[in-house]
Amino acid sequence: MFEVHERLGTHCHGPIAARVTLTHDQRDRGRLKLTSDTGEEVRVFLERGKPLLVGEYLKSTCGRQILVEGAKEPVLEARSDDWHTFARACYHLGNRHVRIEVGDRCLRIKPDHVLEEMLQLLGLETRQCEAVFMPESGAYAHGHHHHDH
């Protein structure tokens, strides 16, 4: 069993003892009981309010390192080739405090038929798919990351 109380960041170069694959909701929690890719139990006890990042390393009390990976989960993807249309969609989602992953004229949210209809009415193409969901951390969160779709 691994017991984790320490985060090492995303630039660790030691050997990886195990990997855990987490959904967005799981990465958002400070207390978790998981099973690693090696079948071992992993108990995580971290500071709340600071989500785990995909690619982050954790250190167990026995000194071994565990890599956090993102699980594919259902998401709604919306695209527009028109920047104005895309910006309006982001504004309307932000105005509703929706967790949103923003890419190059592409956004992802958790599936919601009401929001999907709104995005379609604004002129975006939508589709349901499975992907690792990595929403923006928010204007007041500590640190940030960038990625491409």
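Guide: Buried means under 20% relative accessible area, exposed means over 50%, and partly exposed lies in between (1.4 Å probe, protein chains only). This is a predicted model, in which local features need pLDDT of at least 70 and side-chain atom pairs count only at pLDDT 80 or more, while totals for chains, interfaces and linings use all residues. Residues are numbered from 1 along each chain as its sequence is written, and side-chain values use heavy atoms, with hydrogens and water left out.

Visitor: How do you know whether R27 has a salt bridge?

Guide: A salt bridge needs a side-chain nitrogen of Lys or Arg within 4 Å of a carboxyl oxygen of Asp or Glu. The nearest side chain of opposite charge to R27 is E73, at 4.7 Å. Lys and Arg count as positive, Asp and Glu as negative, and His and the chain ends are not counted. The 4.7 Å does not meet the 4 Å limit, so R27 is buried without a salt bridge.

Visitor: What lies 2.4 Å from a polar atom of the R27 side chain?

Guide: That is the backbone oxygen of F133. A polar contact is a pair of N or O atoms within 3.5 Å; within protein, one must be able to donate a hydrogen and the other to accept it, and residues adjacent in sequence count only if both atoms are side-chain atoms. At 2.4 Å, the R27 and F133 pair is within that limit.

Visitor: Which residues does R27 touch?

Guide: Contact means heavy atoms within 4.5 Å. Leaving out residues up to four places away in sequence, the contacts of R27 include L22, P51, V68, F133 and M134. R27 itself is in helix α1, residues 24-27. Helices (H or I, at least four residues) and strands (E, at least two) are DSSP runs, numbered from the N terminus.

Visitor: What makes E56 and R7 a salt bridge?

Guide: Their side chains meet at 2.6 Å, N to O, which is within the 4 Å limit. E56 lies in the loop between β4 (41-45) and β5, and R7 in strand β1 (residues 2-9), so the pair ties together parts that are 49 residues apart in sequence.

Visitor: Why are E56 and R7 put in their accessibility classes?

Guide: E56 has a relative accessible area of 4%, so E56 is buried. R7 has 24% relative accessibility, so R7 counts as partly exposed.

Visitor: How far apart are the closest N and O atoms of E69 and R19?

Guide: They are 2.9 Å apart, and the two residues form a salt bridge. E69 lies in strand β6 and R19 in strand β2, so parts 50 residues apart in sequence are tied together. E69, at 26%, counts as partly exposed. R19, at 32%, also counts as partly exposed.

Visitor: What makes β2 and β6 paired strands?

Guide: Two strands pair if DSSP finds at least two bridges between them. Strand β2 (residues 16-22) and β6 have six bridges, in the parallel sense. One of the bridge partners in β6 is E69, opposite T21. Strand β5 (residues 57-60) and β6 have three bridges, in the antiparallel sense. Both counts meet the minimum of two, so both count as pairings.

Visitor: In which order do the six strands of the open sheet run?

Guide: The order is β2-β6-β5-β1-β4-β3, with mixed pairing. β2 and β3 (31-35) are the edge strands, each pairing on one side only.

Visitor: What makes β6 (residues 65-70) mostly covered?

Guide: Five of its six residues are buried.
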